[in-house]
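Notebook open, new structure on the desk. I'm jotting down what I look up as I go.

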Amino acid sequence: MVKIDKLSASLEDYLEAIYLFCKKTGKARSKEIMNHLGVSGPSVTEALQILREKGLANYEPYEPISLTPKGEMAARDVLYRHEALRDFFVGVLGIDEKTADEGACSMVHAASPKIIERMVKYTRFLEEQSGEKGISGIDFFKDYIKSQDRQLLNSCGKQHSSDTHKKQS
């Protein structure tokens with residue numbers, strides 16, 4: 001297995017973007033990366049030069065960008081962690097997809113591989129348990145969250161009406 005030096009969160013974002021564009025169209029272009037990540041052209045150029053120096057990207061100015069085998073492996077790892085976090089947030093915690101994806105994007109760079117793997121195993125465990133017993137731990141948790149949200153709304157409503165009643169007295 002090829003050892004990849006620890007990359008900054010920013011460089012991981014570039015790798016993931018290049019990988020996704022290459023997977024979709026066979027190549028990536030600086031302008032696409034710039035628009036996708038919301039960064040400037042010079043930032044893209046600098047990041048691509050660093051990725052090239054690290055042996056992760058094939059980059060020459062004004063040419064399509066691709067990943068080296070080592071870069072593709074690193075990008076797949078980033079994407080795996082991103083998807084694992086997003087799937088955990090959606091499937092286990094019941095977070096909507098947009099919020100889950102934004103959270104995963106932020107956390108993917110901070111969560112250790114051990115934490116990611118434990119989350120994946122926990123999600124699988126819940127899925128397996130629900131299949132064997134006909135009971136879904138994920139659904140139980142989602143119901144619990146809904147009941148807690150309702151309790152919070154009810155207590156806020158009671159507090160609000162109590163405060164209104166006190167002001168009228």
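**Surface and make-up**

I started with the outside: the protein chain has an accessible surface of about 11200 Å², and 55% of that belongs to carbon and sulfur atoms. Accessible areas come from the Shrake-Rupley method with a 1.4 Å probe, and for residues only the protein chains shown count as cover.

Note to self: this is a predicted model, where local features need pLDDT of at least 70 and side-chain atom pairs count only at pLDDT 80 or more, while totals for chains, interfaces and linings use all residues. Residues are numbered from 1 along each chain as its sequence is written, and side-chain values use heavy atoms, with hydrogens and water left out.

Next I looked up the secondary structure, and found 7 helices and 2 strands. Helices (H or I, at least four residues) and strands (E, at least two) are DSSP runs, numbered from the N terminus. Along the sequence I read α-α-α-β-β-α-α-α-α.

Of the 169 residues in the protein chain, 28% count as buried. Buried means under 20% relative accessible area, exposed over 50%, and partly exposed in between (1.4 Å probe, protein chains only).

**Glu-16**

I found Glu-16 in helix H1 (residues 9–25). Leaving out residues up to four places away in sequence, Glu-16 touches Val-78, Leu-79 and His-82, where contact means heavy atoms within 4.5 Å.

**Tyr-144**

Then I went to helix H7 (residues 137–168), where Tyr-144 lies. Is Tyr-144 buried or partly exposed? Tyr-144 counts as partly exposed because its relative accessible area is 46%.
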